[in-house]
Amino acid sequence: MTLRSRWERFWFEPAPPADLGIARILFFTMMIAVYARRDFAGFSEVSSVFWQPVWPFRVLHLRPPAHAFVWVVQTLWRLSLLFACVGLASRVATASAAILGTYLIGLSSSFGWIDHSDPILVFGMGILALSRCADAFSLERLMRVGRRAPEPGPSGEYRWPGRMILLVMACVFFAAGVAKLRHSGVAWVTSGALSTYLIRGADPLGRSVSAPILGLGLRVARSPVVSMVLAATTLAIEMLFPLALFSRWARRVLVPASFVMLLAIQALMGPDFARFLIAYVFFPPWHLLTNAAVAARRQGRVYPVAAAPPDPVAR
């Protein structure tokens, strides 16, 4: 297989539309659940002394907006998230969600604090806006069925969005691993740095993030060997994650391993990766669930044949 064919297969290997359709529903549903209660309009009341715009705001020379303007933008954004979730006017809805969401998330990141879980959601909205994510499990699809439109088959159009998210994740994890090696080297594993982070996360006065979900951080910190193993595992996952771009087996190992790693970090140390975890909805083969549901439904429609009456001669 040539390098070009491998490249095309990675990005455009045919995939069923159900995978992207279900990913769209889950992605925007979780976005609504996470951001429905966040009031971005409050940022318009923050003093301009704290204004430290991120690069898109600097390039476009955007300034802190008025309260009413932000309120209108966030209302339209929530509506676009809802329309994108159900798959109604999906082209306009997903594009609006991407543009308005990028503006609001960028606004919230322009006051000296950038949440590292937000950017991947901006990429996710942009990717869905450029994809055919409403070809399955959408109100648009139901309307096409009423007009007897043919059902779309497997296509590379439903594969590349997940691959693009995988590329973004590879950049994120690899950059995190390089930063550890650049600033600490192998000592990040051997010096017990992870134990320090675990102890700090368990201290209400010392931590700068939310409290850990589990109270096991101190127990892990007491064991230097366990701390070193966890630190080495974390570093290995981050540095090796780009292999997921080239190997199917690496994807099967590193993608779930990174998911468990983020859960473990949040459980033991407290940093909130809930929004980052939303991006993982692009990876499961959701069509297997839909195929199983269809098969179960068909079996339920098969009624048992009535037993024949006994033969009087046989008596």
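Is Arg 251 buried or exposed? Arg 251 is buried in this predicted model, with a relative accessible area of 16%; the close-ups below start from the whole chain and come back to that arginine.

**View 1. The whole chain, for orientation.** We're looking at 15 helices and zero strands. Of the 315 residues in the chain, 40% are buried. Take the contacts between residues at least 6 apart in sequence: 79% of them join residues at least 24 apart.

**View 2. Helices H6 and H8, side by side.** Here H6 (residues 119-129) and H8 (residues 160-183) have axes that come within 10 Å and cross at roughly 160 degrees. An angle over 145 degrees counts as roughly antiparallel, so that's the label for this pair. The crossing of H6 and H8 is right-handed. On the H6 side, look for Ile 120, Phe 123, Gly 124 and Ile 127. They meet Trp 160, Pro 161, Met 164, Ile 165, Val 168 and Met 169 of H8. Sort the residues of this contact by class and you get nine nonpolar, one polar and no charged.

**View 3. Ala 84, tucked into helix H4.** Ala 84 belongs to H4 (residues 67-86). Its relative accessible area is 0%, so Ala 84 counts as buried. Which residues does Ala 84 touch once its neighbours within four places in sequence are left aside? They are Arg 24, Phe 28, Ala 93 and Thr 94. Look for Leu 128 as well: the C-alpha atoms of Ala 84 and Leu 128 are separated by 9.3 Å, with their positions 44 residues apart along the chain.

**View 4. Helix H13 from end to end.** H13 covers residues 248-268, and a quick length check works out nicely. At 1.5 Å a residue, its 21 residues should span 30 Å, and the end C-alpha atoms are indeed 30 Å apart. The buried residues of H13 include Ala 250, Arg 251, Leu 254 and Val 255. Further along H13, Ser 258, Met 261, Leu 262 and Ile 265 are also among the buried ones, as are Gln 266, Ala 267 and Leu 268. What do the buried residues of H13 pack against? Their partners are helix H1 (3-12), H8, helix H10 (193-202), helix H11 (217-221), helix H12 (224-240) and helix H14 (274-277).

**View 5. Where H12 meets H13.** The axes of H12 and H13 come within 10 Å and cross at roughly 135 degrees. That makes the two helices oblique to each other, and their crossing is left-handed. H12 brings Thr 234, Ile 237, Glu 238 and Leu 240 to the contact, while H13 brings Leu 254, Ala 257, Ser 258 and Met 261. By class, the contact of H12 with H13 has five nonpolar, two polar and one charged residues. Leu 254, Ser 258 and Met 261 also appear among the buried residues of H13.

**View 6. Back to Arg 251.** Arg 251 sits in helix H13. Leaving aside neighbours within four places in sequence, Arg 251 is in contact with Phe 10, Arg 163, Leu 166, Ala 244, Leu 245, Phe 246 and Pro 256. Phe 241 is worth picking out too: it lies 10 residues from Arg 251 along the chain, and their C-alpha atoms are separated by 8.2 Å. Buried means under 20% relative accessible area, so Arg 251 qualifies at 16%.

Notes:
Residues numbered from 1 in each chain as written. Predicted model: local features only at pLDDT ≥ 70, side-chain atom pairs only at ≥ 80, totals over all residues. Heavy atoms only, no water. Axes fitted to C-alpha atoms, helices over the stretch in contact; angles between N-to-C directions. Helix = DSSP H or I, 4+ residues; strand = E, 2+ residues; numbered from the N terminus. Parallel < 35°, antiparallel > 145°, perpendicular 65-115°, else oblique. Left-handed = near helix turned anticlockwise from the far one by under 90°. Contact = heavy atoms within 4.5 Å. Nonpolar A, V, L, I, M, F, W, Y, C, P; charged D, E, K, R; others polar. Expected span 1.5 Å × (residues − 1). Buried < 20%, exposed > 50% of the residue type's maximum accessible area, 1.4 Å probe, protein only.
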